[in-house]
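Take a look at the chain below. We will follow it from one helix to the core, then to a pocket and a few single residues.

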Amino acid sequence: MPSSVRGSLPALLVLAPLLHAAQAGGAPSSAPPALAVNAAIERGVQYLLKAQNRDGSWGLDLYERGLAWHDLRDGATALALYTLTKCGLPPEHPSLERGAAFLLLSYPRHTYSTGIQLHALGGLGVPAHRKRMQELVKELADLEVSGGFDYPGLGRADLSNTQVAALGFRAADQAGLSIPKGIWARLVEATLRYQESPVEIPGTALLPRQERRMAGFAYEPGGAPSASMTTAGLTVLGIASEVEGRVPHALDVEVAEARQLAQNWLVQNFSVEGNPHGEPAWHFYYLYGLERVGAFSGLTHLGTHDWYAEGAAQLLREQREDDGWRMDG
């Protein structure tokens with residue numbers, strides 16, 4: 001998939017909520033002007049519409065349909081559909097109808113493709129897609145392994161795949177579909193394994209205990225924490241906490257502490273440039289993660305940072321002349 005398309009999808013998912021807030025009069029006063037945000041989104045939408053393939057998909061056709069990894073293009077297509085939906089295109093838009101038709105002819109076999117397809121179909125909200133969504137729930141449940149979700153064949157769960165699975169199950173739950181019993185507890189328990197042990201924040205000895213410790217999340221248990229993975233961990237815990245009863249009461253205290261420690265980590269390492277302590281190539285993925293953390297936690301600031309205004313301004317600066325955003329590296 002061209003790096004401009006891969007970068008444009010999360011970039012637009014950060015800007016689109018700001019557009020809606022601006023239209024409702026609720027955007028932060030320090031945010032970029034609504035006209036500038038509207039123009040950036042419109043340019044990005046047009047870029048994505050032009051990048052769509054003739055068969056309705058998005059991404060490079062590197063694989064013949066039916067081969068082992070072909071369905072990764074289903075994930076790119078689903079994410080493009082979800083992005084365009086969040087940018088205001090209706091389900092009956094010809095581009096979205098063609099994209100949905102492509103997905104309905106494919107049968108994903110990987111966490112990313114399955115979870116994001118659930119996410120996208122849930123966002124479209126078309127009743128006729130409910131049967132496919134229930135089939136995808138079963139497929140996604142069958143992909144669960146010890147420690148969360150992984151790339152099939154690797155035998156190694158990771159937090160990124162686990163986050164995508166959580167987004168998929170959330171979409172199914174919001175659509176009123178049946179999801180696996182105990183899935184939220186297992187997702188929470190798996191996610192907590194990716195958080196580092198708490199460390200003291202330098203120079204905070206006089207602050208209350210909850211304010212002077214931090215703990216980020218890593219791609220694998222025991223790995224080094226990064227901004228993109230810390231927002232991924234907070235996203236899963238936020239999804240599990242947004243509806244009463246999803247998190248077992250026995251885990252309430254542990255989840256609340258884990259979220260506070262991770263938020264402290266983001267405050268201490270805050271930047272809207274790059275991906276603090278992580279691979280720069282995941283810059284836009286990290287910014288999208290910041291938006292999800294704000295949405296699920298109700299946070300307008302991380303420390304003194306208006307993350308929404310700073311992130312949106314950064315994205316406006318990074319939009320390319322071809323109207324997309326590029327993942328370099």
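In helix α10 of this predicted model, the buried residues are Val255, Ala258, Arg259, Leu261, Ala262, Gln263, Asn264, Trp265 and Leu266. Keep helix geometry in mind here. An α-helix has 3.6 residues a turn, so residues three or four places apart point the same way. What do the buried residues of α10 pack against? Their partners are α8 (183-192), β5 (213-214), α9 (227-241) and α11 (283-297). The helix itself covers residues 252-268, which makes 17 residues. From first C-alpha to last, α10 reaches 25 Å. That is close to the 24 Å expected at 1.5 Å a residue.

Now step back to the whole chain. It holds twelve helices and five strands. Of its 329 residues, 53% are buried. Take the contacts between residues at least 6 apart in sequence: 69% of them join residues at least 24 apart.

Next comes the core. In soluble globular proteins, nonpolar side chains tend to be buried together. The largest nonpolar core here has 85 residues. Leu15, Leu81, Phe169, Leu187, Val188, Leu290 and Leu315 have the most contacts inside it. Which element gives this core its largest share? Helix α9 does, with eight residues. Zoom in on Leu187. Setting aside neighbours within four places in sequence, Leu187 is in contact with Phe149, Thr162, Ala166, Phe169 and Val236.

Turn to a pocket. The second largest one has a volume of about 160 Å³. Its lining is made by 15 residues. Nearest its centre lie Leu121, Gly122, Gly123, Ala171 and Ala175. Three elements give two or more residues to this lining: α5 (111-124), α6 (130-142) and α7 (159-174). By type, the lining divides into eight nonpolar, five polar and two charged residues.

Helix α5 also contains His119. Is His119 buried or exposed? It is buried, because its relative accessible area is 7%, under the 20% cut-off. Beyond its neighbours within four places in sequence, His119 is in contact with Tyr82, Leu167, Gly168, Ala171 and Tyr288. One of these, Ala171, was named above among the residues nearest the pocket centre.

Now visit a loop. Pro152 sits between β2 (148-150) and β3 (157-158). Pro152 counts as partly exposed because its relative accessibility is 29%, which falls between the 20% and 50% limits. Where does the chain bring Pro152 and His110? They are 42 residues apart along the chain, yet their C-alpha atoms are separated by 6.5 Å.

Finish with backbone angles. His277 has a positive phi of about 65°, although it is not a glycine. His277 is found in the loop between α10 and α11. With a relative accessible area of 59%, His277 is exposed, because exposed means over 50%. Asp323 is not a glycine either, and its phi is positive too, at about 85°. You will find Asp323 in the segment after α12 (307-318). How does Asp323 count, buried or exposed? At 17% relative accessibility, Asp323 counts as buried. So the loop residue His277 is exposed, whereas Asp323, in the segment after α12, is buried.

Methods. Residues numbered from 1 in each chain as written. Predicted model: local features only at pLDDT ≥ 70, side-chain atom pairs only at ≥ 80, totals over all residues. Heavy atoms only, no water. Helix = DSSP H or I, 4+ residues; strand = E, 2+ residues; numbered from the N terminus. Expected span 1.5 Å × (residues − 1). Buried < 20%, exposed > 50% of the residue type's maximum accessible area, 1.4 Å probe, protein only. Contact = heavy atoms within 4.5 Å. Core = buried A, V, L, I, M, F, W, Y, C linked by side-chain atoms within 4.5 Å. 1 Å grid on protein atoms, 1.4 Å probe; cavity = no way out; pocket = protein on both sides within 12 Å on 5 of 7 lines; lining within 4 Å. Points joined across faces, edges and corners; volume = space filled by probe spheres on them. Nonpolar A, V, L, I, M, F, W, Y, C, P; charged D, E, K, R; others polar.
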